[in-house]
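I opened this notebook to look up a few things in one structure. The entries follow in the order I took them.

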Amino acid sequence: MTSLPGDSDKDGSAPESGPIVCARCGARTHGPQPTWTCSVEHGTHRYFCDNCSRQHLRAIEGRLDSAWW
């Protein structure tokens, strides 16, 4: 997907310091992980670890909110 001119992800909503916590199981990591999934639900960034992402892949691809799965 291509971003529009002037559109950036520098709105301060992504965590800048401290651990990133999986919104599903509570797993923690320091810094971004390439196998984790980031979802924006109702304007809030939610992160899911690789295990939760794999387990709910079809729901994520179907763009269902995590409340449904």
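**Entry 1. Layout.** I began with the order of elements, which reads β-β-β-β-α-α along the sequence. That makes four strands and two helices. I am working from a predicted model, and I keep that in mind for every entry below.

**Entry 2. Overall numbers.** I looked up burial next. The protein has 69 residues, and 23% of them count as buried. The accessible surface comes to about 5500 Å². Carbon and sulfur atoms hold 50% of that surface. I also checked how far along the sequence the contacts reach. Among contacts with a separation of 6 or more, 33% join residues 24 or more positions apart.

**Entry 3. The core.** Which residues make up the largest nonpolar core? I found nine: I20, C22, W36, Y47, F48, C49, C52, A59 and W69. In soluble globular proteins, nonpolar side chains tend to be buried together. I then followed C22 outward, leaving aside neighbours within four places in sequence. C22 is in contact with A27, W36, Y47, F48, C49 and C52. Of these partners, W36, Y47, F48, C49 and C52 are also on the core list.

**Entry 4. Cysteines.** With cysteines in the core list, I asked how many disulfides there are. The count is zero. I looked at C25 in particular. The nearest cysteine sulfur to that of C25 belongs to C49, at 3.7 Å. A disulfide needs the two sulfur atoms within 2.5 Å, so the pair does not qualify. C25 is partly exposed, with a relative accessible area of 47%. I noted C38 as well: C38 is partly exposed, at 42% relative accessibility.

**Entry 5. Salt bridges.** I searched the whole structure and got two salt bridges. One joins the side chains of E41 and R46, at 3.6 Å from N to O. The other joins R54 and D50, at 3.9 Å from N to O.

I took the E41 pair up in detail. E41 lies in strand β3. Is E41 buried or exposed? E41 is buried, at 7% relative accessibility; the cut-off for buried is under 20%. R46, its partner in the salt bridge, is partly exposed at 27%. I also listed what E41 touches, not counting residues up to four places away in sequence. The list is R46, F48, D65 and S66. So R46 appears both as a contact and as the salt-bridge partner of E41. F48, another contact of E41, is a core residue.

Then I turned to the R54 pair. Why are R54 and D50 about one helical turn apart? They sit four residues apart in helix α1, which spans residues 50-55. R54 is exposed, with a relative accessible area of 57%. D50 is partly exposed, at 23%.

**Entry 6. S53.** I stayed in helix α1, where S53 is also found. S53 is buried, with a relative accessible area of 7%. What lies 2.8 Å from a polar atom of the S53 side chain? I found the backbone oxygen of C49 there. C49 is one of the core residues. Not counting residues up to four places away in sequence, S53 touches T35, T37, F48 and I60. F48 turns up again here, having already appeared as a contact of E41 and of C22.

**Entry 7. Positive phi.** I looked for non-glycine residues with a positive phi and noted two entries.

- H42 has a phi of about 55 degrees and is not a glycine. H42 is found in the loop between β3 (37-41) and β4 (44-48). H42 is exposed, at 76% relative accessibility.
- R63 has a phi of about 60 degrees and is not a glycine either. R63 is found in the segment after α2 (57-61). R63 is exposed, with a relative accessible area of 73%.

**Entry 8. Going back over the notes.** I kept three items for a second look on screen. One is the E41–R46 salt bridge, at 3.6 Å, with E41 buried at 7%. One is C25, in no disulfide, with the sulfur of C49 at 3.7 Å. The last is S53, buried in helix α1, with the backbone oxygen of C49 at 2.8 Å from its side chain.

How values were computed: Residues are numbered from 1 along each chain as its sequence is written. This is a predicted model: local features need pLDDT of at least 70, side-chain atom pairs count only at pLDDT 80 or more; totals for chains, interfaces and linings use all residues. Side-chain values use heavy atoms; hydrogens and water are left out. A salt bridge is a side-chain nitrogen of Lys or Arg within 4 Å of a carboxyl oxygen of Asp or Glu. Buried means under 20% relative accessible area, exposed over 50%, partly exposed in between (1.4 Å probe, protein chains only). A polar contact is a pair of N or O atoms within 3.5 Å; within protein, one must be able to donate a hydrogen and the other to accept it, and residues adjacent in sequence count only if both atoms are side-chain atoms. Contact means heavy atoms within 4.5 Å. Accessible areas come from the Shrake-Rupley method with a 1.4 Å probe; for residues, only the protein chains shown count as cover. A nonpolar core is a set of buried Ala, Val, Leu, Ile, Met, Phe, Trp, Tyr and Cys residues joined through side-chain atoms within 4.5 Å.
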